[in-house]
Amino acid sequence: MTRTAAWLSALVLGFMVLLPTAVTSTTPAGLCKSINTLKDSLNFTNRRQYMKHNFPINYTIRVHYEEVFRVRNISKLNRTQDLEAQDLQELWLVINQEVLKKVLRVLPERHPSRKYVSDLEHLLRMVEQVFQQVFQQDQDEERQTRERIREICNRVRHSDVTEWKLVKPKALLDNCYRTMHCLFCDCFQCQENFCDVLHWKRGKKRPSKQA
Ligand SMILES: *[C@@H]1O[C@H](CO)[C@@H](O)[C@H](O)[C@H]1NC(C)=O
Ligand SMILES: *[C@@H]1O[C@H](CO)[C@@H](O)[C@H](O)[C@H]1NC(C)=O
Ligand SMILES: *[C@@H]1O[C@H](CO)[C@@H](O)[C@H](O)[C@H]1NC(C)=O
Ligand SMILES: *[C@@H]1O[C@H](CO)[C@@H](O)[C@H](O)[C@H]1NC(C)=O
């Protein structure tokens, strides 16, 4: 009797562990691997040290307003445009590469954060390479990046625009980290609702201190 119960609960537990990944795993494993490497590098300690403490207090960087890409933006884009997960992921890649370029641009050769940021840039390029390999076929066939995404990408790439925002470097990387969790949530087993703005609100109790 107790053995059956134990066996049953083990079975149920096994299902609970297996089910979420089986159902939601749509991001290819190779892509998740590079996303996870990036995630480790973007951990809270690193972001605070390299993006905040190594800068003067309240230091801001001038970025294009489209580069302030937050969790809130994603739900809005997802609501108002007919987009696939892939489109949003691509947008995330383009925007965050630009963001890192902007940060690098303000860092002198010997700045203590310089290596960190260029390592991140490298990691993001790796993600992009895997992303392109994985979705190559779709692209070759018929996938067209949606008009709106292309528009935003173009605007971000060609900064001949006049609308700028002053943003703290850590805030930029916080955005990168959070939106990454939302857009690639199945790489993190979608443990929590990473696309929920409230999830990232300051002061909210979290099991892991990673906000
Ligand atoms: C963050 O990553 C660095 C290495 O990049 C590591 O030394 C540190 O322990 C990590 N911190 C946390 C809280 O995981
Ligand atoms: C930094 O910004 C905060 C909030 O805007 C302000 O209260 C604080 O005085 C600023 N600190 C410095 C050193 O300028
Ligand atoms: C994100 O939202 C802000 C305002 O909430 C807007 O200025 C910005 O253009 C949006 N970014 C994207 C990529 O949609
Ligand atoms: C976008 O909307 C679809 C349909 O409502 C939903 O299944 C998906 O999880 C959303 N994606 C994001 C990143 O919010």
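# Helices, salt bridges and surface of a predicted model

Colleague: Which residues are buried in helix H2 of this predicted model?
Modeller: To be called buried, a residue must have a relative accessible area under 20%. In the predicted model, the residues of H2 that are buried are Leu 31, Cys 32, Ser 34, Ile 35, Leu 38, Lys 39 and Ser 41.

Colleague: How far does helix H2 reach from its first C-alpha to its last?
Modeller: Helix H2 covers residues 29-41, which gives it 13 residues. At 1.5 Å a residue the expected reach is 18 Å, and the value computed from the model is close to that, namely 19 Å.

Colleague: In what order do the elements of the protein run from the N terminus on?
Modeller: The protein has eight helices and two strands, and the order can be written with α for a helix and β for a strand. Read from the N terminus on, the elements run α-α-α-β-α-α-α-α-β-α.

Colleague: What percentage of the residues in the protein is buried?
Modeller: The count is taken over the 211 residues in the protein, with buried standing for a relative accessible area under 20%. On that basis, buried residues make up 39%.

Colleague: How many salt bridges does the count come to?
Modeller: Side chains of opposite charge can pair when their charged atoms come close. The cut-off used here asks for a side-chain nitrogen of Lys or Arg within 4 Å of a carboxyl oxygen of Asp or Glu. By this rule, the number of salt bridges comes to six.

Colleague: How many residues apart are Arg 47 and Asp 174?
Modeller: The side chains of Arg 47 and Asp 174 meet in a salt bridge, with N and O 2.7 Å apart. This pair links distant parts of the chain, with Arg 47 in helix H3 (residues 44-53) and Asp 174 in helix H8, and the distance along the chain is 127 residues.

Colleague: Is Arg 47 buried or exposed?
Modeller: A residue under 20% relative accessible area is called buried, and one over 50% is called exposed. Because its relative accessibility is 0%, Arg 47 counts as buried.

Colleague: Which residues are joined into one network by salt bridges that share partners?
Modeller: Lys 170 also forms a salt bridge with Asp 174, and the closest N and O atoms of this pair are 2.9 Å apart. Both residues lie in helix H8, four residues apart, which is about one turn of the helix, and both Lys 170 and Asp 174 are buried. The salt bridges that share partners thus form one network of Arg 47, Lys 170 and Asp 174.

Colleague: Lys 101 and Glu 98 also meet in a salt bridge, so by about how much of a helix are they separated?
Modeller: The N to O distance in this salt bridge between Lys 101 and Glu 98 is 3.3 Å. Lys 101 is partly exposed at 39% relative accessible area, whereas Glu 98 is buried at 9%. Because they are three residues apart in helix H5 (residues 85-106), Lys 101 and Glu 98 are separated by about one helical turn.

Colleague: Which residues gather in a patch of positive charge on the surface?
Modeller: One of them is Arg 70, whose place is in the loop between strand E1 (61-64) and helix H4 (71-80). With a relative accessibility of 44%, Arg 70 counts as partly exposed. The residues that gather in this patch are Arg 70, Arg 72, Lys 165 and Lys 201.

Colleague: What is the positive phi of Gln 189, which is not a glycine?
Modeller: Most residues other than glycine have a negative phi. Gln 189 lies in the segment after helix H8 (169-183) and, at 38% relative accessibility, counts as partly exposed. Although Gln 189 is not a glycine, its phi is positive, at about 55°.

Colleague: And what is the positive phi of Cys 190?
Modeller: Cys 190 also has its place in the segment after H8, and its relative accessible area of 25% makes it partly exposed. Cys 190 is not a glycine either, yet it has a positive phi of about 45°.

Colleague: What distance separates the C-alpha atoms of Thr 26 and Phe 184?
Modeller: Thr 26 is found in the loop between helix H1 (2-24) and H2, and with a relative accessible area of 64% it is exposed. Thr 26 and Phe 184 are 158 residues apart along the chain, while their C-alpha atoms are separated by 9.2 Å.

How values were computed: Residues numbered from 1 in each chain as written. Chains lettered and ligands numbered in written order. Predicted model: local features only at pLDDT ≥ 70, side-chain atom pairs only at ≥ 80, totals over all residues. Heavy atoms only, no water. Expected span 1.5 Å × (residues − 1). Buried < 20%, exposed > 50% of the residue type's maximum accessible area, 1.4 Å probe, protein only. Patch = residues over 30% accessible without salt bridge, like charges linked within 9 Å, V, L, I, M, F, W, Y side chains within 5 Å. Areas by Shrake-Rupley, 256 points an atom, 1.4 Å probe, with all protein chains shown as cover. Lys, Arg positive; Asp, Glu negative; His and termini not counted. Charge placed at Lys NZ, Arg CZ, Asp CG, Glu CD.
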